[in-house]
Amino acid sequence: MDKLIIKGGTRLKGSVTISGSKNASLPICIAALLAPGASTISNVPELRDITTTAKLLGSLGAVVERNGSTLRIDAKTINTVEATYDLVKTMRASVLVLGPLLARFGRARVSLPGGCAIGARPIDQHLKGLKAMGAEIRLEHGYVEAIAKKQLKGERINFDISTVGGTEHMLMTAVLAKGETILENAAREPEIVDLADCLNQMGAKIEGAGTDTIHIQGVNGLLPTAYEVMPDRIEAGTFMVAAAITGGNVNINSMRLEHLDALCFKLQDAGVEITNKDGVVQVKGPRRPQAVNIRTRPYPGFPTDMQAQFMALMCVADGASVISENIFENRFMHVSELQRFGADITIEGKTATVKGVKKLSGAPVMATDLRASASLVLAGLVADNITEVSRIYHLDRGYEHLETKLSGLGASIERVQEP
Ligand code: EPZ
């Protein structure tokens, strides 16, 4: 297994280019299953989760070819509607193939994704939506079996909770249902808008993506398309925090600042200067950040995927910050590792209180999940001496060449093989 060795203390300077969005690429690549033909998806990051998605689509019979950041997915011939446990267990988003296979072929069998480090992550809202559209759902031996004896029908689906995956899943299913589907209390994340734009390019009729009520008029079939994925807003946010925590001055290319309003407001409250000139976002970190409170919320609230990174920044802030995690029940796995740097953090239920310290000291730490890994790297960038982050396979799921990009900004960071 690889690890990262970081020597802290460098103020990051220079320019970095953000890769395509992992969380938009995953559903968009899966949406290619809906059309009998070859779709070309560009600006797809080279990440483990994308490789897993390509394997999953291939296991169903699609022909997937990667050329740099472009994936060609030919779903003309699908010869099985079963997604097996060994693939689904490595990436939860695999469950999103259930609806498209059901909508196109009338049946599907997909392993239940199970939980992960940050929470139980049930899919009850996904199954509620499929049942509402007329699917028969059976859970057995760890698999979800879905059958549609006749064409799925459009329905009103009111989500009990704002769910990104659930909204994406129902979008990709309702597009081939008979009649209109209305998704109420739908998630509003930019990745959902990106998916809807791609589906509409394929011939779907979706209105309202990005709001909490989405209307989908079912169509008889979809056509393959060529689509460019949006930039990764969480990678962009992570680099904004990297500039902030090191007191650096970084220009971030190909990001959409409007996707990160909540984070920007909080960074500015912490004393970070953010300017957007001709599509290049300049981020200047203060000598020492001010403590700021955050509460994670569904979009457009403060993104849960930026909570761990922001906490790293608060570890060296002037004052105390209260951070509440309202989306996932176990998303403080990074706290015990940050404490190894000398951070002063106490947890009470879903709230962490971070008392900023003047200096963190480098330490050997262990990544536990994707965004926790990023927070440990950020702490290492500013900590004294050497930090070793192990189990960085978590990081490789969501960040394309992170250490190369950080080195390009002057960070002293290298990847080494662990014996
Ligand atoms: C997506 O996960 C993202 N993953 C997550 O990013 C992100 O943290 C999350 O949305 C919230 O923004 C991808 O897009 C691949 P949810 P998802 O359904 O869709 C509960 C990262 O770091 N819930 O919006 O799984 C659930 O338990 C990852 O890139 C139900 O109760 O998240 C959670 O508490 C981590 N029943 C809340 O809703 C359901 O049927 C939000 O989950 C579905 C969800």
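Helices and strands here are DSSP runs, numbered from the N terminus. The model is predicted.

**Figure 1. The whole protein, with its helices and strands.** The fold contains 14 helices and 24 strands. Measuring along the principal axes, the C-alpha trace spans about 65 × 45 × 40 Å. The radius of gyration is 21 Å. A compact globule of 419 residues would have a value near 22 Å, so the two agree. Of the 419 residues, 56% count as buried.

**Figure 2. The shell of residues around the ligand.** The ligand has 23 residues around it. Which of them come nearest? They are T163, V164, G165, D305 and I327. By type, the shell divides into 9 nonpolar, 7 polar and 7 charged residues.

**Figure 3. Helices that contribute to the ligand shell.** Four helices are shown here, and each supplies at least two residues of the shell. Helix 1 covers 22-31 and helix 5 covers 124-132. Helix 6 runs through 164-174, and helix 12 through 370-382. V164 and G165, named among the nearest residues, lie within the range of helix 6.

**Figure 4. Polar atoms facing the ligand's oxygen atoms.** P122 places a backbone N or O atom 3.3 Å from an oxygen atom of the ligand. For G165, a backbone N or O atom lies 2.7 Å from a ligand oxygen. D305 takes part through its side chain: an N or O atom there is 2.5 Å from an oxygen atom of the ligand. How much of the ligand's area does the protein bury? Taken alone, the ligand exposes 830 Å², and the protein buries 86% of that.

**Figure 5. The hairpin of strand 16 and strand 17.** Strand 16 holds residues 273-277, and strand 17 holds residues 280-284. The two run antiparallel and are joined by 5 bridges. At one pairing, E273 of strand 16 stands opposite K284 in strand 17. Between the strands are 2 residues. D278 takes a positive phi, near 45°. In a regular strand, side chains alternate between the two faces of the sheet.

**Figure 6. R287 in the loop after strand 17.** This loop leads from strand 17 to strand 18, which covers 294-295. Is R287 in this loop buried or exposed? Its relative accessible area is 77%. Exposed means over 50%, so R287 is exposed. How far apart are R287 and P298 in space? The distance is 31 Å, C-alpha to C-alpha, although the two are 11 residues apart in sequence.

Conventions
Residues are numbered from 1 along each chain as its sequence is written. This is a predicted model: local features need pLDDT of at least 70, side-chain atom pairs count only at pLDDT 80 or more; totals for chains, interfaces and linings use all residues. Side-chain values use heavy atoms; hydrogens and water are left out. A residue is near a molecule or strand if one of its heavy atoms lies within 4 Å of it. A polar contact is a pair of N or O atoms within 3.5 Å; within protein, one must be able to donate a hydrogen and the other to accept it, and residues adjacent in sequence count only if both atoms are side-chain atoms. Accessible areas come from the Shrake-Rupley method with a 1.4 Å probe; for residues, only the protein chains shown count as cover. Ala, Val, Leu, Ile, Met, Phe, Trp, Tyr, Cys and Pro count as nonpolar, Asp, Glu, Lys and Arg as charged, and the others, Gly among them, as polar. Two strands pair if DSSP finds at least two bridges between them. The radius of gyration is taken over C-alpha atoms; the globule rule is 2.2 Å times the number of residues to the power 0.38. Buried means under 20% relative accessible area, exposed over 50%, partly exposed in between (1.4 Å probe, protein chains only).
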